[in-house]
Amino acid sequence: MQKEKSEISRDELDEYIHVAHSGFIIIVAAMVLILLAFIVWGIIGKIPVTETVSGFVMYMDPQEAGETGTEAEQYCIACLDASKYSTEQIREIEDKVTLEMSDGTKMDAKVISIYSVPYSRDEISAEYLMDNEWLVEECVSSNYNWLLIIKADNLSGYEYSLTKATLVLDEVSPLSFLVR
């Protein structure tokens with residue numbers, strides 16, 4: 001058997017060899033860019049860890065809320081289950097809070113004070129909710145709760161109404177989910 005040799009002339013050496021379509025190269029480049037963006041986000045990005053708790057709006061003296069001032073103002077009191085969160089975790093709560101009022105209005109707010117010891121359901125009922133059982137059932141999630149005092153700019157007209165407070169408890173790196 002004799003092998004056939006193909007002869008290539010010098011003119012043919014300069015011709016373009018078609019290896020892949022340009023559309024394929026664009027798709028691969030786009031996939032690489034998306035992968036790189038995902039890796040960068042995984043390293044420097046943050047995902048908020050949130051908890052939504054019930055609360056109520058009431059008038060309080062600013063000193064009781066941990067502020068200065070003489071006239072009573074409206075604050076949101078939120079109850080966070082003390083069996084889920086330690087004192088150290090409570091101290092790390094971010095100031096960023098979103099309040100959703102009973103009429104659907106959402107507003108940005110700030111945690112201004114967290115009571116240093118958990119309150120019992122009965123203490124919260126007697127001291128803040130005037131023994132209103134309906135409010136106690138709606139707002140107090142467990143037998144012992146951390147009391148958070150939350151302030152927003154426009155709480156007028158919402159006294160003793162229910163709110164949902166979404167608290168930012170922590171921010172974690174997206175890569176931490178892969179490490180677990």
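## Exercises on charges and rings in a predicted model

A patch of negative surface charge is made up of D61, E64, D122, E123, E127 and E133. The structure is a predicted model, in which local features need pLDDT of at least 70 and side-chain atom pairs count only at pLDDT 80 or more, while totals for chains, interfaces and linings use all residues. Residues are numbered from 1 along each chain as its sequence is written, and side-chain values use heavy atoms, with hydrogens and water left out.

**Exercise 1.** Determine which helix gives the largest share of the negative patch, and place E133 in its own element.

*Solution.* Begin with the rule for a patch: its residues have over 30% relative accessible area and no salt bridge, and like charges are joined within 9 Å. Asp and Glu count as negative, Lys and Arg as positive, and His and the chain ends are not counted; the place of a charge is taken as CG of Asp, CD of Glu, NZ of Lys or CZ of Arg. The accessible areas come from the Shrake-Rupley method with a 1.4 Å probe, and for residues only the protein chains shown count as cover. Next, assign the elements, where helices (H or I, at least four residues) and strands (E, at least two) are DSSP runs numbered from the N terminus. Helix α3 (residues 121–127) supplies three residues, the largest share of the negative patch, and E133 is found in helix α4 (residues 133–139).

**Exercise 2.** Find how many salt bridges the model holds, and work out which parts of the chain are tied together by the pairs K84 with E51 and E73 with K151.

*Solution.* Side chains of opposite charge can pair when their charged atoms come close. The criterion is a side-chain nitrogen of Lys or Arg within 4 Å of a carboxyl oxygen of Asp or Glu, and by this rule there are four salt bridges. In one of them, the side chains of K84 and E51 meet with an N to O distance of 3.8 Å. Because K84 lies in the loop between β2 (73–81) and α2 (87–91) while E51 belongs to strand β1 (residues 47–60), this pair ties together parts that are 33 residues apart in sequence.

Turn next to E73 and K151, which form a salt bridge whose closest N and O atoms are 3.1 Å apart. E73 sits in strand β2 and K151 in strand β6 (residues 144–152), so the parts tied together here are 78 residues apart in sequence. For exposure, the cut-offs are buried under 20% relative accessible area, exposed over 50%, and partly exposed in between (1.4 Å probe, protein chains only). E73 is partly exposed at 27%, and K151 is partly exposed at 25%.

**Exercise 3.** Locate K96 and E171 in their strands, and decide whether each is buried, partly exposed or exposed.

*Solution.* The side chains of K96 and E171 meet in a salt bridge, with 3.2 Å from N to O. The pair links distant parts of the chain, since K96 lies in strand β3 (residues 96–101) and E171 in strand β7 (residues 162–172), 75 residues apart. K96 has a relative accessible area of 43% and is partly exposed; E171, with 33%, is partly exposed.

**Exercise 4.** Count the aromatic pairs and classify the geometry of F38 with W41 and of Y115 with Y119.

*Solution.* A pair of aromatic rings is described by the distance of the centres and the angle of the planes. Rings of Phe, Tyr and Trp (its six-membered ring) pair if their centres lie within 6.5 Å, and planes under 30 degrees apart count as stacked, over 60 as edge-to-face and the rest as tilted. By this rule the count is two aromatic pairs. F38 and W41 form a tilted pair, 5.8 Å centre to centre with 40° between the planes. Being three residues apart in helix α1 (residues 22–44), F38 and W41 are separated by about one helical turn, and W41 is partly exposed, with a relative accessible area of 40%. The ring centres of Y115 and Y119 are 5.4 Å apart and the planes stand at 70°, so this pair is edge-to-face; both Y115 and Y119 are buried.

How values were computed. Patch = residues over 30% accessible without salt bridge, like charges linked within 9 Å, V, L, I, M, F, W, Y side chains within 5 Å.
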